[in-house]
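Work through the three exercises below with the structure open beside you. Try each task before you read its solution.

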Amino acid sequence: MKFVAFERAKQGTGASRRLRISGKTPGIVYGGEGQPQLIELDHNALWHALKKEAFHSSILEMELGGATSKVLLRDVQYHPFRQLVQHIDFQRVDAKTRMHMKVPLHYKGEEESDAVKLDHNLVTHVMTELEVSCLPADLPEFIEVDLSSLKKNATLHVSDIKLPKGVKFVSHGKLNPVIVSAVPPLVAEEVAPAAEGAAPAEGAAPAANGKPAAKTAKPAAKK
């Protein structure tokens, strides 16, 4: 994806506030061989770009001052309640340096699997993205996971999916985490109705009409 940025001369809270009022978003580009550079972007164009998955997970082409460079989106700061991007950070891409990125997982074939069609399992996507390490040229926009062979009560781990060439999974304590699980649906237990003609309480004699007979009064004590 391509986007256009402009050089930003002034910095500071006041200058950034004036930029936002004028429909611009302040940002910065850092990393690589160059020095950190202040930039500004058109807010409306940036807002629509941020709605696209590829803007978050792929290498972007930034046009700045007539030159084009490759960058990655690294951080976005949103206003707490307004539809406003307050600041954005990009990192320059070095073609010879491995990078860490979170790549979306795209699942397909779930409805055709035996787990869903035959056994009516509920399929849970435990993970929606995967952190990987690779060279910029090998970075995938997403990783596709085929669930058409998923079986009853099965689980899929990271080791069960095939990663693109040159891409390695980055673990943070969990070497082979679960990414998908299939579980049977919950079945509500039926409460058994009370048995008809239940035995009356102890000491109560049944009456002819089915109602317990009234207790007889005790005889008066002799004087």
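**Exercise 1. An aromatic cluster**

Task: Decide whether F55 is buried or exposed, then work out which rings pair with the ring of F55.

Solution.

Step 1. Start with burial. F55 has 1% relative accessibility, so F55 counts as buried. The cut-off for buried is under 20%. Keep in mind that this is a predicted model.

Step 2. Look for a partner. The structure holds four aromatic pairs. One of them joins F3 and F55: the centres are 5.9 Å apart and the planes meet at 70°. Angles over 60 degrees count as edge-to-face, and this pair is edge-to-face.

Step 3. Place the two residues. F3 sits in strand β1 (residues 2-7) and F55 in helix α3 (residues 53-57). They are 52 residues apart, and the pair links distant parts of the chain. Both F3 and F55 are buried.

Step 4. Test F90. The ring centres of F55 and F90 lie 6.4 Å apart. Pairing needs centres within 6.5 Å. The planes of F55 and F90 stand at 85°, so this pair is edge-to-face.

Step 5. Place F90. F90 belongs to strand β6 (residues 85-92), while F55 is in helix α3, so the pair ties together parts 35 residues apart in sequence. F90 is buried, at a relative accessible area of 0%.

Step 6. Put the rings together. F3, F55 and F90 make up one aromatic cluster.

**Exercise 2. A buried charge**

Task: Find the side chain of opposite charge that is nearest to E40, and say what the distance tells you about a salt bridge.

Solution.

Step 1. Locate the residue. E40 is part of strand β3 (residues 37-42), and E40 is buried.

Step 2. Check the distance. The nearest side chain of opposite charge is K24, 4.9 Å away. A salt bridge needs the charged atoms within 4 Å. E40 has no salt bridge.

Step 3. List the surroundings. Neighbours within four places in sequence are left aside. E40 then contacts A5, F6, E7, R8, L19, K24 and T25.

**Exercise 3. An open sheet**

Task: Which strands are the edge strands of the sheet that contains β7 and β9, and in which sense do β7 and β10 pair?

Solution.

Step 1. Write down the order. Four strands form an open sheet, β10-β7-β9-β12, with mixed pairing.

Step 2. Read off the edges. β10 (143-146) and β12 (168-169) each pair on one side only, and they are the edge strands.

Step 3. Examine one pairing. β7 (residues 99-108) and β10 run in the parallel sense, over four bridges. H106 has E144 in β10 as its bridge partner.

Notes
Residues numbered from 1 in each chain as written. Predicted model: local features only at pLDDT ≥ 70, side-chain atom pairs only at ≥ 80, totals over all residues. Heavy atoms only, no water. Phe/Tyr/Trp six-rings, centres within 6.5 Å; stacked < 30°, edge-to-face > 60°. Helix = DSSP H or I, 4+ residues; strand = E, 2+ residues; numbered from the N terminus. Buried < 20%, exposed > 50% of the residue type's maximum accessible area, 1.4 Å probe, protein only. Lys, Arg positive; Asp, Glu negative; His and termini not counted. Contact = heavy atoms within 4.5 Å. Pairing = 2+ DSSP bridges.
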